[in-house]
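Please open the model in your viewer and keep the sequence panel beside it, since this tour moves from one selection to the next. At each stop you will be told what to select and what can be found there.

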Amino acid sequence: GVEAFAGWARDKVGAFGVRYTYTEAKFTEGAYAHRDLPLVPRHRVRVTGAWYLTETLRVQGGWRLAGSQRYDFDFANAGGAIPRYHLFDAGVQWKPEAWLKGFTFGLTVDNLLDARYTDYAGYYGYRYVYPAAGRCYLFSVQYEF
């Protein structure tokens, strides 16, 4: 496989990054030689960015792509593939000064568009699918001393 990353960052201004992973995972010998390994997407892409609106307030977001992948237990590659999916994330982070110095408050929304997808499914003569989480909210508090 191959993995590449390019990014830019400047303190208290912003950051941007792009990561690409190509993986060709195949059985090398035995009854399933030259077949794809289950649950390994060939392509993965992640684009992230952050921008400081003020010195203490940052907005951030990203896009993730996972390419199609073979179903778990489908060593013969007979059951097709789990479809690729795209996800968008967004968030905000606030590092107050003065009396709350040292704290960081954050709110992140994963799967912002509430996409319906699965990152795990299996095939054992029939397909079974475990749906992934829909839109998720995370509120965080961090303290550094």
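Two strands are said to pair if DSSP finds at least two bridges between them. With that in mind, and remembering that this is a predicted model, begin by selecting strand 7 and strand 8, which run antiparallel and are joined by 5 bridges. Within this pairing, look for W94, whose bridge partner in strand 8 is F105.

**Strands 3, 4 and 7**

Keep strand 7, which covers residues 85-94, and add strand 4 to the selection; these two strands pair in the antiparallel sense over 10 bridges. Two of the bridges can be picked out by residue: R58 has Q93 as its bridge partner in strand 7, and Q60 has G91 as its bridge partner in strand 7.

Now add strand 3, residues 43-52, which pairs with strand 4, residues 57-66, again in the antiparallel sense, over 9 bridges. If you follow the chain from strand 3 to strand 4, you pass through a hairpin in which 4 residues make the connection. To find a facing pair here, select V47, which stands opposite W63 in strand 4.

**A closer look at Q93**

Return to Q93, which lies in strand 7 and which was named above as the bridge partner of R58. Is Q93 buried or exposed, or does it fall in between? Its relative accessibility is 24%, and because buried means under 20% and exposed over 50%, Q93 counts as partly exposed. Once neighbours up to four places away in sequence are set aside, Q93 touches T56, L57 and R58, and also T104, F105 and G106. You may also draw a distance from Q93 to Y52: the two residues are 41 residues apart along the chain, while their C-alpha atoms are separated by 9.2 Å.

**V141 in strand 11**

Next, select strand 11, residues 136-143, and within it V141. V141 has a relative accessible area of 49% and is partly exposed. Beyond residues up to four places away in sequence, V141 touches F103, T104 and F105. For a contrasting pair, draw a line from the C-alpha of V141 to the C-alpha of A121, which is 20 residues away in sequence and 34 Å away in space.

**The largest pocket**

From here, turn to the largest pocket, which has a volume of about 170 Å³. To display its lining, select K12, E55, T56, K95, P96, E97, K101, G102, F103, T104 and E144. Colouring this lining by class would show 2 nonpolar, 3 polar and 6 charged residues. Among the lining residues are F103 and T104, which you have already met as contacts of V141.

**T118 in its loop**

Move on to T118, which has its place in the loop between strand 8, residues 103-110, and strand 9, residues 120-123. T118 is buried, with a relative accessible area of 10%. Which backbone oxygen does the side chain of T118 reach at 2.7 Å? It is that of Y120, and the side chain of T118 also reaches the backbone oxygen of Y130, at 2.6 Å. Showing the wider surroundings, and again leaving out residues up to four places away in sequence, you will find T118 touching I82, Y85, V129, Y130, P131 and A132.

**Three loop residues to finish**

Select N77, in the loop between strand 5 and strand 6, where a relative accessibility of 16% makes it count as buried. A polar atom of the side chain of N77 lies 2.8 Å from the backbone nitrogen of D36. Leaving aside neighbours within four places in sequence, N77 is in contact with R35, D36 and R70.

The last two stops concern backbone angles. Most residues other than glycine have a negative phi. F73, however, has a positive phi of about 70° although it is not a glycine. F73 lies in the loop between strand 5, residues 69-70, and strand 6, residues 81-82, and at 41% relative accessibility it counts as partly exposed.

Finally, select H34, in the loop between strand 2, residues 14-22, and strand 3. The phi of H34 is near 70°, a positive value in a residue other than glycine. With a relative accessibility of 65%, H34 counts as exposed.

Note on methods: Residues numbered from 1 in each chain as written. Predicted model: local features only at pLDDT ≥ 70, side-chain atom pairs only at ≥ 80, totals over all residues. Heavy atoms only, no water. 1 Å grid on protein atoms, 1.4 Å probe; cavity = no way out; pocket = protein on both sides within 12 Å on 5 of 7 lines; lining within 4 Å. Points joined across faces, edges and corners; volume = space filled by probe spheres on them. Nonpolar A, V, L, I, M, F, W, Y, C, P; charged D, E, K, R; others polar. Buried < 20%, exposed > 50% of the residue type's maximum accessible area, 1.4 Å probe, protein only. Polar contact = N/O pair within 3.5 Å; in protein donor to acceptor, adjacent residues only side chain to side chain. Contact = heavy atoms within 4.5 Å.
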